[in-house]
Amino acid sequence: MSKLNWGLIGCGDIARKRVAPALRDLPNCELIAVNRARADRAEAFAREFGAGNWYGDWRELLADERVEAVYIATPVHLHAAQTIAAAEAGKHVLCEKPMALSVAECDRMVAACDAHGVRLGVAYYRHFYPVVERIKAIINSGEIGRPVVAQMNAFEWFDPEPSHPRRWLLDKAQSGGGPMFDFGCHRIELLVSLFGPVKSVNSLVGNVLFDREVEDTACALFAFQGRPHAALTVTHAARQFDLDGGPHAALSVTHAARQPRDTLDIYGSEGSLHVAVLNEGNLKVVTRDGERVETHPPHSNLHQPLIDDFTRAVLDDRAPVVDGGVGREVARLVEEVYKKRALDTGKPVGRL
């Protein structure tokens, strides 16, 4: 099997947990170079994952002629400049989500990759979840009738200390926005992949709990062309609690577990579909004939199917499934969410 030689720009948490292991383990990939601003950490990362070269400056990595493709795993404000430079260097680009800070930046990224004949992909890895493919199949079969309403909730408590490595997500100039920009974009991509083009967007975006320059909570409403209405709610400000399972559970909180919430519910004219935790892949199907539970777990490395598809796309000379056009459309819809918002002007209640 032919292999694609990869360079990794950015060696943060996701790169360590998912991207680098996928580039190391996939038989059609060869991780040959990494970039991290601190040279000593770049070397340690490279040695850990078997890359032979490391660079403190990402431009030096792009100058490495052996690198054929790059995975960009840096903060959002760097995506456009790094993607354009990579395209100009003749490298294929798989870019972390969100694709860029604006649609205008996305357009420049797409144009640069087209002009230099390289592929561009965006890391919306949930597109490859088996449970999502199963949901598409059930919808297309007509088993739940015509989809009418879809609801998604994504709750992730996020109140980092100033020294936290992901604190940059609260800096709008670097991150572009709060939870709608950061992980709401994943759910928007999923909704579009299920239901097609969006004809209108409305939203409520604001700061319910935290006094910060990006929102902590947002609700978006999407009307799809000829398809259902969908509601997406995201927040950094909601906690859930694990309770003691005994008879006095309502009175006894054993610990404050900040459990993320990542749900999808689709209600149709003849039935419904329910996923309690997207990352687990358990699907409840409810029809006139009763209900059943199916299990369609994702790959143990959530990024690996995405990276495999992009690699195969380059080697087979085809477009990746999640290409720059997909990333641009998600960026457009995120811009609409912020543009159409009804902003709560009241002061947040303050930190707990």
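How do the residues of the lining of the largest cavity divide into nonpolar, polar and charged? The tour returns to that question after a short walk through the fold. The model on screen is predicted.

**Stop 1: the open sheet**

Begin by selecting strands β1 to β6. Together they form an open sheet of six strands, and reading across it gives the order β3-β2-β1-β4-β5-β6 with parallel pairing. Colour β3 (53-55) and β6 separately, for these are the edge strands, each of which pairs on one side only. Looking along the sheet, one finds a twist that averages 25 degrees from one strand to the next.

Next, restrict the selection to β1 (residues 4-9) and β2 (residues 29-35). These two strands run parallel and are joined by six bridges. To see one position in this pair, display Leu8, which stands opposite Val34 in β2.

**Stop 2: two packed helices**

Select helix α5 (residues 103-115) together with α10. Their axes lie 9 Å apart, and the helices pack at an angle of about 170 degrees. Because angles over 145 degrees count as roughly antiparallel, α5 is described as roughly antiparallel to α10.

Show side chains at the contact. From α5, the participants are Val103, Cys106, Asp107 and Val110, and they meet Gly324, Arg328, Ala331, Arg332 and Glu335 in α10. By class, the residues of this contact comprise four nonpolar, one polar and four charged.

**Stop 3: the largest cavity**

Keep α10 in view and turn to the enclosed spaces. A search of the whole structure finds two cavities of 30 Å³ or more. The largest has a volume of about 50 Å³. To outline it, select Pro98, Met99, Ala100, Tyr124, Phe181, Gly327, Val330, Ala331 and Val334. Helix α10 (residues 324-339) gives the most to this lining, with four residues. Ala331 deserves a label, since it appears in the lining of this cavity and also in the contact of α10 with α5.

The opening question can now be answered: the lining of the largest cavity has eight nonpolar residues, one polar residue and no charged residues.

**Stop 4: the second largest cavity**

Which residues line the second largest cavity? Select Leu94, Gly121, Val122, Phe128, Leu306, Asp309, Phe310, Pro320, Val321 and Val322. The space they line has a volume of about 40 Å³. Two elements, β6 (120-122) and α9 (304-316), each supply at least two of the lining residues, and α9 gives the most, with three. β6 is thus met again here, having been shown earlier as an edge strand of the sheet. The lining of this cavity has eight nonpolar, one polar and one charged residues.

**Stop 5: the largest pocket**

Finish with the largest pocket, whose volume is about 1,400 Å³. It is lined by 50 residues, and those closest to its centre are Asp13, Ile14, Arg166, Trp168 and Leu169. Select these five and centre the view on them.

Then add the elements around them: α1 (13-25), α4 (79-88), β7 (147-155), α8 (179-195) and β13 (261-268) each supply at least two residues of the lining. Which element gives the most to this lining? It is α1, with five residues. Colouring the lining of the largest pocket by class shows 21 nonpolar, 13 polar and 16 charged residues. For comparison, the lining of the largest cavity has no charged residues.

Definitions and conventions: Residues are numbered from 1 along each chain as its sequence is written. This is a predicted model: local features need pLDDT of at least 70, side-chain atom pairs count only at pLDDT 80 or more; totals for chains, interfaces and linings use all residues. Side-chain values use heavy atoms; hydrogens and water are left out. On a 1 Å grid over the protein atoms alone, a cavity is a set of points where a 1.4 Å probe fits but cannot get out, and a pocket is an open set with protein on both sides within 12 Å along at least five of seven lines; lining residues have an atom within 4 Å of a point. Grid points are joined across faces, edges and corners, and a volume is the space filled by probe spheres set on the points. Ala, Val, Leu, Ile, Met, Phe, Trp, Tyr, Cys and Pro count as nonpolar, Asp, Glu, Lys and Arg as charged, and the others, Gly among them, as polar. Axes are lines fitted to C-alpha atoms, for helices over the stretch in contact, and angles run from 0 to 180 degrees between N-to-C directions. Angles under 35 degrees count as roughly parallel, over 145 as roughly antiparallel, 65 to 115 as roughly perpendicular and the rest as oblique. Contact means heavy atoms within 4.5 Å. Two strands pair if DSSP finds at least two bridges between them.
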